Amino acid sequence: MSVEFDRKIKSTLADANLQLAIYTATARLKDKRIENVADDILPDYQELRTHANALKKHAIENLDHYLEEFERNVEAHGGKVIYCKDGTEVSDFVLGLAKERGAHLIVKSKSMTTEEIDLNERLEHHGLESVETDLGEYILQLAHERPYHIVAPALHMTRYDVADIFTKHLNVPNEVVIEKQTAIARSVLREKFLAADIGISGANFLVADSGAVVIVENEGNARLTTSAPKIHIAIAGIEKVIPRAQDLATFLKLLARSATGQPLSVYTSFLSGPRRAGEVDGPDEFYVVLLDNGRTKLLPDRSKRQSLYCIRCGACLNTCPVYRKIGGHSFPWVYSGPIGAIITPQFMGTSHEPGLPFASSLCGACGEVCPVKIDIPKVLLELRSDVKKAEAREKHGRIEKLAFGIFAWMMTHPRIYEMAGKIAAAMAPSDGGWIRTLPAPFNIGPVAAWLSQRDLPPPPAKSFRDMWRQR
Amino acid sequence: MAKRVSLFVTCMVDQLFPKVGIAMASVLERLGYQIDFPEDQTCCGQPAFNSGYRGEARTVARHFLKTFANSEAIVVPSGSCTSMIVHHFADLFAKDPATLARVHEMEKRVFEFSTFLTEVARVEDVGAHLDDIVTFHDGCHALRELGVKTAPRRLLSHVRGLELREMQPAEECCGFGGTFSVKFPELSGAMARTKIDAIVGTGARTVVSLDPSCLMQIQGVLSRAGSPIRTMHLAEVLASR
């Protein structure tokens, strides 16, 4: 585990206000989800999950086919598809287009994919203004922070935090009433929408058979982003493609319920191509950027590639007892929570943060709520094995490797196992009560780590096998 | 002829909580089972498997398969160790068809204790008596990997003198997680303290679970906090008369 990861976990745990903010916000989302997938509300919930899993499995296993079909259909509607292997290629494309069209101002709707490639920073570096228009994302952009959560990016902030950020960056009086804060953001953003040259969005689904980009949102900012400016660029990971429009009947029933506990989000937009003759709204130019950025690396692994099924609902974060303690910013990349713990090592390499797959009690709550049934605990276990194999190659972690070698030897030699147990029990200083502290030579390594938080059970006078023999 | 069962008491019960094993044996004997304790038994290998050491886990798993090769039914006082055998052994031997066949054959014979009572022995009232107010902690692997939810509650509902109070939330992890508890001690401890808040909220005097490892975590934190609340394995409750 890196020093940084360890430090962030400890500092988040030590911050009582932050702990309360995370716990309360995730509890709200978690409870609303449970309410809205209940048997009486959505009786076919488990069948929908199974079906969604099968659809994603099929789409990922036939990714090349569906991407080509999607591309053909986008182009038939007058749009254009651009394949990019990484963030540099995406920013080169956007910068090139902006230069050709003389664009200066970009409005953006919420997109984790663009967070992944630091798109705003790349564009701003070249003199473009890129403004986030989702309220949470806008607050974070002002505060120069990364999203704390996949669907609720400013989940960790209170309205008092937001008031301070607005006062500092927007020169407005300190305003703590949420509706009034929204009005402040709205008045700033409305001007940006009207003046913007380019709108950049993400995508929740790319529908192959109709060439449509589907965007799910609550604030209406994605509608404005994709229709007010003359140019719309949708940036999406290649795994977002699904075969048919009718598959949305399954996914849309699951997505908003899993994310926020809404039966449907407030807006669901189907965007296919630029404005056609006779249409009032819509952009003149329509581009879909299909981003790899490490995704194709996952395809050869039959088990781990299920990580690409994710529809970014955030349910696993809200239900995860680890996320609910360490929050989003402790995670080493933009994706946090259980899904972040399985995709970060695969996109970035296990050495990016070797401790990440181990930061889980393997309780399985994530897999239980995943609307597309990703077996997150299974993938975590596979990644743990990958980390240990990499460590063995690089000759790291030799003490732990040795310890587990001894463990395996002892556990296959019952007499030695029994003797080792007797020696340990004889050495442990105990008056029969639970042990609070141990003298220095014993208070090391895992024992010290255990005792830092809780008491140790006293060794019993006899092991089970001794008691059994004497029965 | 009496029905036979083999005990796999787990390394944790053998070395730290032997009374749980004795209690489990006495409940099974009360129901007329003849008990066998294969002396070569040690561990299921889960610590190595969960820590990423699959080779070492395979070695220990093979030892388990050999030790219990001739057992008819194997009863385990832990949902987590049961799940290791019935779900994860298959992951370990996915590329070894001969062993995998033995694993699949073994899976059918391994039972978590409460499931064995309700599904195989088909009893819910084992004649236990315990004057106590208890709350039940769902171990995550029992709950989510084995689907054990009602069996322990049905068994507890027949214990005379016992009142069961559900905690809110009941299904949240205690934070043990094997080596997780010592690799991320502050995080594991924080999770346990949240669990303790839920337990305290019920007013129960005793926390009952199927898993000795969860109970070690919960009791360790209760003990550190100076709480009078105690922990008991379900087998110990059912052995009380």
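Let's start in the middle of things: the largest nonpolar core holds 200 residues, and those touching the most other members are Val289(A), Met24(B) and Val75(B). Please keep in mind throughout that this is a predicted model. In soluble globular proteins, nonpolar side chains tend to be buried together. Val75(B) is a good place to look around. Setting aside neighbours within four places in sequence, Val75(B) is in contact with Val5(B), Leu7(B), Met24(B), Leu28(B), Phe111(B), Phe113(B) and Phe116(B).

From here, step back to the layout of chain A. The domain assignment divides chain A into domain 1 (1–36 + 313–396), domain 2 (41–293) and domain 3 (399–469). Between the C-alpha centres of domain 1 and domain 2 of chain A there is a distance of 24 Å. Where these two domains of chain A touch, domain 1 gives 24 residues and domain 2 gives 29 residues. On the domain 1 side, the elements that give two or more residues are helix H2 (16–36) and helix H13 (315–319) of chain A. H2(A) supplies the largest share of that side, with nine residues. By character, the residues on the domain 1 side are 14 nonpolar, six polar and four charged.

Now turn to the sheet of chain A. Strands of a sheet pair through backbone hydrogen bonds, either parallel or antiparallel. Here six strands of chain A, in the order S1-S10-S7-S4-S2-S3, make an open sheet with parallel pairing. At its edges are strand S1 (80–84) and strand S3 (129–132) of chain A, each of which pairs on one side only. Ignoring direction, neighbouring strands of this sheet are turned against each other by 20 degrees on average.

Strand S2 (residues 105–108) of chain A lets you follow the pairing in detail. S2(A) runs parallel to S3(A), and four bridges join them. One residue to find here is Leu105(A), whose bridge partner in S3(A) is Glu129(A). S2(A) also pairs with S4(A), again in the parallel sense, over three bridges. For this pair, look at Val107(A), whose bridge partner in S4(A) is Gly199(A).

A helix also meets this sheet. Helix H5 (residues 87–101) of chain A lies across S1, strand S4 (198–201), strand S7 (231–237) and strand S10 (285–291) of chain A. Relative to S1(A), H5(A) runs at about 140 degrees.

Follow S2(A) onward and you come to Ser111(A), in the loop between S2 and helix H6 (112–116) of chain A. Ser111(A) counts as buried because it has 26 C-beta neighbours inside 10 Å, where 20 or more are needed. Leaving out neighbours within four places in sequence, the contacts of Ser111(A) are Ser201(A), Gly202(A) and Ile235(A). For a sense of scale, the C-alpha atoms of Ser111(A) and Leu298(A) are separated by 21 Å, with the two residues 187 residues apart along the chain.

Some backbone details deserve a visit too. Leu362(A) is not a glycine, although its phi is positive, at about 55 degrees. You will find Leu362(A) in the loop between helix H15 (337–348) and helix H16 (365–369) of chain A. Leu362(A) is buried, because 26 C-beta neighbours lie inside 10 Å. Arg122(B), also a residue other than glycine, has a positive phi near 55 degrees. The setting of Arg122(B) is the loop between helix H7 (113–120) and strand S5 (129–137) of chain B. Arg122(B) is exposed, because 8 other C-beta atoms lie within 10 Å, and a residue counts as exposed at 12 or fewer. Chain B also has a cis peptide bond between Gln168(B) and Pro169(B), with omega about -10 degrees. Pro169(B) is in the loop between strand S6 (160–164) and helix H10 (180–183) of chain B.

Finally, look at where the two chains meet. In chain A, 46 residues are in contact with 51 residues of chain B. The elements of chain A that give two or more residues to this side include helix H1 (3–14), helix H17 (376–393), helix H18 (398–411) and helix H19 (414–427). That side of chain A divides into 27 nonpolar, 10 polar and nine charged residues.

How values were computed
Residues numbered from 1 in each chain as written. Chains lettered and ligands numbered in written order. Predicted model: local features only at pLDDT ≥ 70, side-chain atom pairs only at ≥ 80, totals over all residues. Domains from an automatic or database assignment. Contact = placed C-beta atoms within 7 Å. Nonpolar A, V, L, I, M, F, W, Y, C, P; charged D, E, K, R; others polar. Pairing = 2+ DSSP bridges. Axes fitted to C-alpha atoms, helices over the stretch in contact; angles between N-to-C directions. Core = buried A, V, L, I, M, F, W, Y, C linked by C-beta atoms within 7 Å.
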